[in-house]
Structures are given as structure tokens and as C-alpha cells.
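This report is meant for a reader who is meeting the structure for the first time. It moves from one enclosed space to the strands, the core and the charged pairs around them.

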Amino acid sequence: MSQITTQPDQNGVDEQKPADPSRRFWVTTACAVGGVAGVGAAVPFVGSFAPSAKARAAGAPVEVDISTLAPGEMRTVEWRGNPIWIMYRTPEQLAELSKHDNQLADPDSNRPGFTPAYAKNEYRSRRPEIFVCIGICTHLGCSPTPRLNSGAQPGLPSDWDGGFLCPCHGSTFDLAGRVYMNKPAPDNLEIPPYEFSADGNRIMIGVDENNKA
């Protein structure tokens, strides 16, 4: 497992501190596009649904067909100008999630404002294998780079189990978008509102129990 120190996090999560997910909305369109480019360097970029520019500006829900999403694959779509990551985690990747909880700043996603109730579980998702999050670092709004494969890689520990690296300031997140201790990013990656279709083959980004289309 990762060699990241497990000493008490001096920059840890203050559960009493009001949530401030709005800070990432300063990100410009250029930054969002740059983040997409970073994702493309690690995994194929696939836009499964392309709403009109007017609909995107209005924050309209985005429907994504995941029927062909393969285990281990990640796709990126855009919603409200932000990259949305949709990943099909393998059984091996899921098994790794609970092994490094003591190395995470907020392993149970208790920090308010970043994890809806339906994702407050070990997997931070409605379905264990399908992970959906906003690909924007909670530090200064950069877009992290997927480093999904395990093992030694530049900027990562030799026993890396897969996850995401923000190259701007070195914040690292696991495959549930949970930030490691003693990193600049103060919070886990945000989970957007989303729902699955009745047949489970599509995801509607921007809609959930509290956010109706």
C-alpha cells in the first residue's frame, strides 16, 4: 500500500467548517478544456452525448449511454462546463478501496457539500462498479490526471493502487475520488447529481432526488 504518512492530518477535514464547493466555479472554460486534454492523455476521451451550447450554458441534464463501457474504462463528458468522469471499476479495483482508509483525509466522506446521501458509502456511488464524479480538484480548480494503473509512476509512490493525480500541486485521490492526507486539496472530489435509467444502461447527469429536470 501507499507509503504516505498516516500521522494526524494537520490540514485535515474540519467537519464543522461550512462546505465551499463553489470555489471551483472560478475555473474558466480554458481550464476545463485543459482538464479534458489531461484526461485524454491517460484514457480515451469519449463524448457520449453532446447537448447544444445553449443547453450546456443553462446547466441542462446530460444523458450518457454506458452500455458499452468496459471494466477498467473511464469516459469523460461535460456538464455545466465541468468534466464529468464516469468509470467502470473492476472487482480488483473495488477490493483495494478499503485497504488505505487510514491514509485518507476524509475516508467516510463526512465533509458536507461534496457527497450526496446516496453516495455516502464505501464506493461513493449508487452502484459499486460505476463511479461518477466531477473531475475538478478541490484545491484550486485544476483537473487531475487519471492514473488508473497500479504501481510506480512519476510523482506517485511505488505501491500506488490507482487513482488520480493533480499535477499542479501534487494532490492525490483514490479510485473513489477521496483525497489522501497531507495534500493541498482539502476535500474529496465532488459527486454530481445523477441517476441511472430503469435498464441501467444510461446515466442522467444533473438529476437526482433533490434536483429534478
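Which residues line the largest cavity? In this predicted model, the lining is made up of Gln93, Glu96, Leu97, His100, Asp161, Gly162, Asp174 and Leu175. By the nature of their side chains, the residues of this lining divide into two nonpolar, three polar and three charged. The space in the largest cavity comes to about 30 Å³, and the count of cavities of 30 Å³ or more is one. Asp174, one of the lining residues, also takes part in a network of salt bridges that links it with Asp101 and Arg178.

## Overall build

The protein has three helices and nine strands, and when these are read along the sequence they follow the pattern α-α-β-β-β-α-β-β-β-β-β-β. Of its 213 residues, 47% count as buried.

## Strands E2, E3 and E4

Strand E3, which covers residues 82-88, is mostly covered, with six of its seven residues buried. It pairs with strand E2, residues 74-79, in the antiparallel sense over six bridges, and within this pairing Trp79 stands opposite Asn82 of E3. The hairpin formed by E2 and E3 has two residues between the strands, and there Arg80 takes a positive phi near 55°. Strand E3 also pairs with strand E4, residues 130-134, again in the antiparallel sense, and this pairing runs over five bridges; in E4, Val132 is the bridge partner of Ile86. As a general point, the side chains of a regular strand alternate between the two faces of the sheet.

## The nonpolar core

Ile86 appears again in the largest nonpolar core, which has 38 residues and in which Ile86, Phe164, Ile203 and Ile205 touch the most other members. The elements that give two or more residues to this core are E1, E2, E3, E4, strand E8 (194-196) and E9. Among the contributors, E4 gives the most, with five residues.

## A sheet of three strands

Apart from these pairings, there is an open sheet of three strands in the order E5-E6-E7, with antiparallel pairing. Strand E5 (145-147) and strand E7 (172-173) stand at the edges and have a single partner strand each, so one side of each is left without a neighbour in the sheet. E5 and strand E6, residues 163-165, pair in the antiparallel sense over three bridges, and in E6 the bridge partner of Thr145 is Leu165.

## Charged pairs

How many salt bridges does the structure hold? The structure holds eight salt bridges. In general terms, side chains of opposite charge can pair when their charged atoms come close. Three of the pairs are set out below with the distance between their nitrogen and oxygen atoms.

| Basic residue | Acidic residue | N to O distance |
|---|---|---|
| Arg202 | Glu63 | 2.5 Å |
| Arg75 | Glu73 | 3.4 Å |
| Arg126 | Glu209 | 2.7 Å |

What does the salt bridge between Arg202 and Glu63 look like in the chain as a whole? The side chains of Arg202 and Glu63 meet at 2.5 Å, N to O. Arg202 lies in strand E9 (residues 202-205) and Glu63 in strand E1 (residues 62-65), so the pair ties together parts that are 139 residues apart in sequence. Arg202 is partly exposed, with a relative accessible area of 32%, and Glu63 is likewise partly exposed, at 25%.

The salt bridge of Arg126 and Glu209, with closest N and O atoms 2.7 Å apart, also links distant parts of the chain: Arg126 is in the loop between helix H3 (91-96) and E4, Glu209 is in the segment after E9, and the two are 83 residues apart. Arg126 has a relative accessible area of 27% and is partly exposed, while Glu209, at 43%, counts as partly exposed too.

Is Arg75, the partner of Glu73, buried or exposed? Its relative accessibility is 7%, and because residues under 20% are taken as buried, Arg75 counts as buried.

Conventions: Residues are numbered from 1 along each chain as its sequence is written. This is a predicted model: local features need pLDDT of at least 70, side-chain atom pairs count only at pLDDT 80 or more; totals for chains, interfaces and linings use all residues. Side-chain values use heavy atoms; hydrogens and water are left out. Buried means under 20% relative accessible area, exposed over 50%, partly exposed in between (1.4 Å probe, protein chains only). Helices (H or I, at least four residues) and strands (E, at least two) are DSSP runs, numbered from the N terminus. Two strands pair if DSSP finds at least two bridges between them. A salt bridge is a side-chain nitrogen of Lys or Arg within 4 Å of a carboxyl oxygen of Asp or Glu. On a 1 Å grid over the protein atoms alone, a cavity is a set of points where a 1.4 Å probe fits but cannot get out, and a pocket is an open set with protein on both sides within 12 Å along at least five of seven lines; lining residues have an atom within 4 Å of a point. Grid points are joined across faces, edges and corners, and a volume is the space filled by probe spheres set on the points. Ala, Val, Leu, Ile, Met, Phe, Trp, Tyr, Cys and Pro count as nonpolar, Asp, Glu, Lys and Arg as charged, and the others, Gly among them, as polar. A nonpolar core is a set of buried Ala, Val, Leu, Ile, Met, Phe, Trp, Tyr and Cys residues joined through side-chain atoms within 4.5 Å.
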